[in-house]
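User: Please take a close look at one part of this structure for me, the surface that meets the nucleic acid, and then work outward from there. One connected walk-through is fine.

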Protein chains: 2
Amino acid sequence: MIIMTRMHYTRDNMAGLLRGHDINPTHQRIEIAHALFSRQEHLSADQVMAIVNTRHSETSKATVYNTLKLFLEKGLVREVIVDPSKVFYDPNTSPHHHLYEVDSGKLSDIDATQVQISGLPPLPAGMVTEGIDLIVRVRRTD
Amino acid sequence: MIIMTRMHYTRDNMAGLLRGHDINPTHQRIEIAHALFSRQEHLSADQVMAIVNTRHSETSKATVYNTLKLFLEKGLVREVIVDPSKVFYDPNTSPHHHLYEVDSGKLSDIDATQVQISGLPPLPAGMVTEGIDLIVRVRRTD
DNA sequence: CATCAATCTGGACTTTGTCTAATTTCCGGA
DNA sequence: TCCGGAAATTAGACAAAGTCCAGATTGATG
Ligand SMILES: [Mn+2]
Ligand SMILES: [Mn+2]
Ligand SMILES: [Zn+2]
Ligand SMILES: [Zn+2]
């Protein structure tokens, strides 16, 4: 019998997670990572900003943007571009796709292991795939 | 023997195209449609603005944005969201996917008839698919 | 010509994101 | 403990994309 324990993303765990991705774990970075990983949701910079500064202001706008960009470069989070007005940051870096509810703006994951994409043409020479984004846009039936 | 003639998107043809999509063909709308359809390229609002106002200023920013939104609502053009900083408008409304060169920002079409996507999970109840966007992000090999 | 609806316009405004110069924090060595 | 420098953070100015609105223009109709 195997017992699966769900990972708890506590602030303490965040320091190790950051170090594991070659990121110096500062107070602000830990808070921002915690906002994303404890929720396991797709958040915009604005939302991260609001979460991190709920009780009392602790992190500046510049730091939120700088930190999310750093996380992205280090492969700790992923960017999701579905909404023309803002970028979402995704703590789930395993290959997966997205379901986007256009009216509400709700964004959820689609497991990639079930999905197969075939028949893509060969890439132009000298090009390498950085990623394949599949977005299913849905809306409520009228 | 069948002779295929390539459609020429002249300004004169634009009026009919617009009427066919239930759009009153004004001078500005004809110019904007012509910018998109004569090139058959993915253009941002900014680029449309520049094209339409090359010789002498004839169309305001507000009208460019309003018109592109109108074209979108009427199904004359399609929106492509790949770049976090701007929306592209696509005169090709037939089902197709996109190849996005992340460094240069170059965007090109992938014919959808060759590509198959299988294994997508069923939609949540009360939801209907508005579209499936597949974006292949590529970059130059280092 | 007068009227009215549709369209277009300049420009103020908002939102998202970037940049920079000054400050604060952190750490290792004297 | 004190010092110096590197790394990180900050406030706020700035830029770019897009929205909004009140007034002007256009064009059809009687
Ligand atoms: Mn990782
Ligand atoms: Mn059409
Ligand atoms: Zn996701
Ligand atoms: Zn296209």
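Analyst: Let's start with DNA strand C: the residues of the surface near this strand divide into five nonpolar, seven polar and seven charged. Keep in mind that this is a predicted model. There are 19 residues around DNA strand C, and the ones that come nearest are A:Lys61, B:Thr26, B:Gln28, B:Glu58 and B:Thr63. On the DNA side, sugar and phosphate make up 74% of the strand C atoms that come within 4 Å of the protein.

Some of the phosphate contacts can be picked out one by one. B:Thr63 puts a polar side-chain atom 2.9 Å from a phosphate oxygen of DNA strand C. From chain A, an N or O atom in the side chain of A:Lys86 sits 3.2 Å from a phosphate oxygen of the strand, and for a polar side-chain atom of A:Lys69 the distance is 3.4 Å. As for secondary structure, chain A gives two or more residues to this surface from each of helix 3, helix 4 and strand 3 (86-90), while chain B does so from helix 2 (27-39) and helix 4. Helix 4 of chain A has the largest share, with four residues.

Now swap over to DNA strand D. Here 19 residues surround the strand, with A:Thr26, A:Gln28, A:Glu58, A:Thr63 and B:Lys61 the closest. Of the strand D atoms within 4 Å of the protein, 74% belong to sugar and phosphate. The class split is five nonpolar, seven polar and seven charged residues.

For phosphate contacts on strand D, look at A:Thr26, where a side-chain N or O atom is 2.5 Å from a phosphate oxygen. A:Ser60 uses a polar backbone atom, 2.9 Å from a phosphate oxygen, and the side chain of B:Tyr65 brings an N or O atom to 3.1 Å from one. The elements giving two or more residues to this surface are helix 2 (27-39) and helix 4 (61-73) of chain A, plus helix 3 (45-52), helix 4 (61-73) and strand 3 (86-90) of chain B. Helix 4 of chain B has the largest share, four residues.

Helix 3 of chain A, one of the elements by strand C, deserves a second look. A:Ala45 lies in this helix, which covers residues 45-52, and counts as buried because its relative accessibility is 8%, under the 20% cut-off. A:Ala45 touches, among others farther along the sequence, A:Val64, A:Leu68 and A:Val87. A:Ala50, also in helix 3 of chain A, is partly exposed at 46%.

Both protein chains take part in these DNA surfaces, and they also meet each other. The contact takes 35 residues from chain A and 35 from chain B, burying about 3,300 Å², with carbon and sulfur atoms giving 62% of that area. Within chain A, the residues losing the most area to chain B are A:Ile81, A:Met127 and A:Arg137, together 18% of what that side buries.

Last stop, the zinc ion (ligand 4). Its protein donors are B:His42, B:Asp90, B:His96, B:His98 and B:Asp109, at 1.9 to 2.2 Å. B:His98 is in strand 4 and B:Asp109 in strand 5 of chain B, so this pair ties together parts eleven residues apart in sequence. B:His98 is buried at 3% relative accessibility, whereas B:Asp109 is partly exposed at 36%.

Technical notes
Residues are numbered from 1 along each chain as its sequence is written. Chains are lettered from A and ligands numbered from 1 in the order in which they are written. This is a predicted model: local features need pLDDT of at least 70, side-chain atom pairs count only at pLDDT 80 or more; totals for chains, interfaces and linings use all residues. Side-chain values use heavy atoms; hydrogens and water are left out. A residue is near a molecule or strand if one of its heavy atoms lies within 4 Å of it. A polar contact is a pair of N or O atoms within 3.5 Å; within protein, one must be able to donate a hydrogen and the other to accept it, and residues adjacent in sequence count only if both atoms are side-chain atoms. Ala, Val, Leu, Ile, Met, Phe, Trp, Tyr, Cys and Pro count as nonpolar, Asp, Glu, Lys and Arg as charged, and the others, Gly among them, as polar. Buried means under 20% relative accessible area, exposed over 50%, partly exposed in between (1.4 Å probe, protein chains only). Contact means heavy atoms within 4.5 Å. Donors are N, O and S atoms within 2.8 Å of the metal (3.2 Å for Na, K and Ca); water is not among the atoms, so sites may look incomplete. Buried area is the accessible area (1.4 Å probe) that two parts lose on being put together, summed over both. Lists of a residue's contacts leave out its neighbours within four places in sequence.
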